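Thanks for coming, everyone. Let me put the structure up, and then I'll walk you through how the pieces sit together.

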Amino acid sequence: MSLLMPRRATVVDIKKETRDVSTYLFQMIDDEPFSFKAGQFNMIGLHGIGEAPISFSSNLLDANSFAHTIRFVGNVTELIRRLKPGDTVQVRGPYGSGWPIELMDGRDVIVVAGGIGMAPLRPVVHELVERKKTEGRFYILYGARTQDDLLYKDEIREWKGKCGVRVLIAVDEEIGDMDLVDEVGVVTALVKNVDINFKEAICLMCGPEIMMRFVARDLILRGVAPSSIHVSLERRMYCGIGHCGHCQIGAKFVCKDGPVFKYNDIKRFSDTLL
Amino acid sequence: MVCHSSGKFVIKVDVFMEYLVNLSRDMTVYAPLKRRSQTVFDVLRVNDIIQLDYGMTMLSPTRFLFPPRETIFNAKNRIKESSDSFVIEAEDISPGFLPTKQVIAGIHPHDMHAVLVLDRVFLSGDFVDEDYMRRRDNTVIVVMNQTQVWDTCFSYSMGTGPFFNSTGGCDLILTKLGDELLAEPVSKKGEGIVEEIKSREATSKDMDARSREESRVVSLFKKEVETDGLPELILNNQDHMIWRMIAEDRCLGCTNCTMVCPTCFCYNIEDENSIDLSRTRRSRYWASCQELNFAKVHGGNFRASRAARLRQFVTHKLSTWVEQFGCFGCVGCGRCMHWCPTNIDLVDIAKAIAKGVRV
């Protein structure tokens with residue numbers, strides 16, 4: 001069977017996050033085992049429309065189910081918006097590398113997210129909040145346009161209360177509620193509030209490349225090793241398995257070598273803003 | 001003097017042609033054939049004459065292993081309506097591909113090397129492209145060593161021609177010596193073919209003639225490129241102004257280079273629906289990194305300029321391919337520059353960078 005043949009999953013639940021983002025809980029229809037790592041992605045397809053690469057926004061949940069947080073911006077995702085519980089989607093995956101969870105033990109961790117970039121980092125946060133507690137210092141820096149545009153606001157309130165987790169939030173504009181906001185400005189402005197052992201720290205980051213470039217630069221100047229900065233990238237993809245060619249950055253296929261890369265491995269190539 | 005152990009034989013040209021025509025009654029045989037003013041790899045029919053002295057074909061026969069468009073699945077649909085919307089779901093889904101036995105006869109050595117390159121792309125690594133694999137398994141390949149060299153060909157520099165001196169991946173290697181063919185089988189299938197149509201075993205005289213012919217063809221090359229250090233040269237000059245100068249002056253963005261390249265593997269996937277939405281076909285078709293939207297995502301295009309797209313093509317073929325697959329992505333066939341409406345030449349680009357030319 002061709003690797004391009006999709007499996008199917010049912011929409012179990014839909015939670016509206018913002019005006020153009022919702023989190024979908026999917027469950028595989030067949031009984032074949034399904035497992036994945038945080039940071040990987042699926043090709044989510046609508047029959048008759050096409051497929052789009054979308055990161056997992058949860059860890060594996062009960063009975064072959066998992067979440068994807070989807071922003072409605074393209075041909076496929078605009079139509080995903082119309083789905084209701086009980087409808088089905090096509091699923092191919094999981095594809096790509098995951099976040100290096102194994103490298104985080106005992107180290108200070110900074111998670112940096114911009115906009116929808118919080119989605120692939122959410123399962124990591126879940127893992128760390130559950131597992132790490134006070135082992136190392138743990139910062140989440142999260143930037144969005146406004147507080148309304150933040151994903152997972154309920155969870156952020158929970159995370160803020162947990163000991164050992166420091167959540168810092170920056171928004172571009174002072175519009176609407178501001179109770180979660182620490183800084184008006186870009187995410188980079190939050191780095192100065194981070195109090196960790198930068199030399200030993202590990203950073204996981206996902207957001208616009210220009211944001212990642214400036215945050216990485218700031219962190220490197222503070223002593224973080226470029227190889228300890230892990231970035232998750234977005235590219236156009238049709239196959240997810242290193243064949244269709246669209247996602248290439250230099251010698252890397254973002255779909256199979258990434259989407260999570262060590263910063264220094266990917267920065268050496270052209271055609272990124274990193 | 002007969003070389004009993006050589007396993008090499010001599011076949012009469014007309015016997016070989018008749019054999020292929022007979023074979024074409026049972027399976028699809030692709031061969032270099034005259035079609036209007038060009039030689040084209042096409043399905044062999046009874047009255048066709050196979051061209052053994054052909055030069056460049058516009059398209060490489062690699063397209064019979066990786067076709068320009070290929071069905072992933074066909075589906076019958078059901079339409080699920082709700083009060084304010086509807087979705088289509090597949091009711092019955094069937095894979096689109098049925099492998100059939102085929103023969104590619106007369107492929108030139110550099111195009112055979114392109115097949116070996118595609119093997120690395122689609123068959124090595126964690127993900128195997130099953131459609132490609134099944135086509136490959138069902139294909140007999142007969143290599144025809146070159147008898148002529150055209151202006152843009154530099155396969156000798158790339159180590160892919162004009163003679164096929166590797167042994168892997170194909171079934172039979174032929175060298176034209178007058179009205180005879182020296183036949184070197186390199187697989188069981190190749191041995192089977194030769195067994196049926198050989199006229200005699202090859203002698204050391206035939207092998208000498210092969211060497212002389214190879215030297216003659218090698219001496220015809222006018223184009224060459226230095227491959228030592230080439231990947232580093234290109235990768236270290238990503239900011240060179242030549243990309244912008246050539247792209248802005250001459251690149252029309254027509255995608256010809258990537259459509260004729262025998263190693264280009266990029267594809268798009270699209271769904272086509274019947275007008276009543278009762279049927280859907282999902283297929284993949286060749287894509288080109290020279291298309292404006294090739295690297296576009298929501299909110300941006302990572303290669304919005306022609307310069308970036310030209311640089312991607314040349315960098316991939318001559319540099320990053322080596323890191324990805326352990327070989328060059330260029331086999332030196334010269335098609336890209338020949339079919340470029342403005343003759344953009346990746347060898348010239350590499351040479352200009354090597355010379356430190358600031359254009």
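Let's start where the two chains meet: 45 residues of chain B are in contact with 32 residues of chain A. By contact I mean C-beta atoms, placed from the backbone, within 7 Å of each other. Before going on, a word on what you're looking at: this is a predicted model, where local features need pLDDT of at least 70 and side-chain atom pairs count only at pLDDT 80 or more, while totals for chains, interfaces and linings use all residues. Residues are numbered from 1 along each chain as its sequence is written, and chains are lettered from A and ligands numbered from 1 in the order in which they are written.

So, which parts of chain B supply at least two residues each to the side that touches chain A? They are strand 4 (69-81), strand 5 (86-95), helix 2 (109-123), helix 3 (130-137), strand 11 (267-273), strand 13 (296-297) and helix 10 (306-325). Helices here are DSSP runs of H or I with at least four residues, strands are runs of E with at least two, and both are numbered from the N terminus. That side of chain B divides into 22 nonpolar, 12 polar and 11 charged residues. For the bookkeeping, Ala, Val, Leu, Ile, Met, Phe, Trp, Tyr, Cys and Pro count as nonpolar, Asp, Glu, Lys and Arg as charged, and the others, Gly among them, as polar.

Now chain B as a whole. Its secondary structure comes to 12 helices and 14 strands. The radius of gyration of chain B is 23 Å, close to the 21 Å that the globule rule gives for 359 residues, so chain B is as compact as a globular protein of that length. That radius is taken over C-alpha atoms, and the rule is 2.2 Å times the number of residues to the power 0.38. The C-alpha trace of chain B spans about 85 × 60 × 40 Å along its principal axes. Of the contacts in chain B between residues at least 6 apart in sequence, 71% join residues at least 24 apart.

Chain B is divided into domain 1 (9-66 + 98-218) and domain 2 (230-354), with bounds from an automatic or database domain assignment. Their C-alpha centres lie 27 Å apart, and 23 residues of domain 1 of chain B are in contact with 19 residues of domain 2 of chain B. On the domain 1 side, helix 2 and helix 4 (155-158) of chain B each supply at least two residues, and helix 2 of chain B gives the largest share, 8 residues.

Next, the sheets. In chain B there's an open sheet of 8 strands in the order 3-2-6-7-8-9-1-10, with mixed pairing; two strands pair if DSSP finds at least two bridges between them. Strand 3 (38-43) and strand 10 (200-201) of chain B stand at the edges with a single partner strand each, so one side of each has no neighbour in the sheet. Further in, strand 6 (102-107) and strand 7 (139-144) of chain B run parallel over 5 bridges, and Ala105(B) stands opposite Val142(B). Helix 2 of chain B, the one we just met, packs on this sheet, touching strand 6 and strand 7 of chain B, at about 145° to strand 7 of chain B. Angles like that run from 0 to 180 degrees between N-to-C directions, with axes fitted to C-alpha atoms, for helices over the stretch in contact.

Just past strand 7 of chain B, have a look at Gln146(B), in the loop between that strand and helix 4 of chain B. Is Gln146(B) buried or exposed? Buried, with 26 other C-beta atoms within 10 Å; the cut-off is 20 or more for buried, 12 or fewer for exposed, and partly exposed in between, with C-beta atoms placed from the backbone. Not counting residues up to four places away in sequence, Gln146(B) touches His108(B), Pro109(B), Gly161(B), Pro162(B) and Val217(B).

Elsewhere in chain B, strand 11 and strand 12 (279-286) run antiparallel, joined by 7 bridges. They form a hairpin with 5 residues between them, and Leu277(B) in the turn has a positive phi of about 65°.

Finally, chain A has an open sheet of 7 strands, ordered 10-9-8-7-11-12-15, also with mixed pairing. Its edge strands are strand 10 (183-184) and strand 15 (260-262) of chain A.
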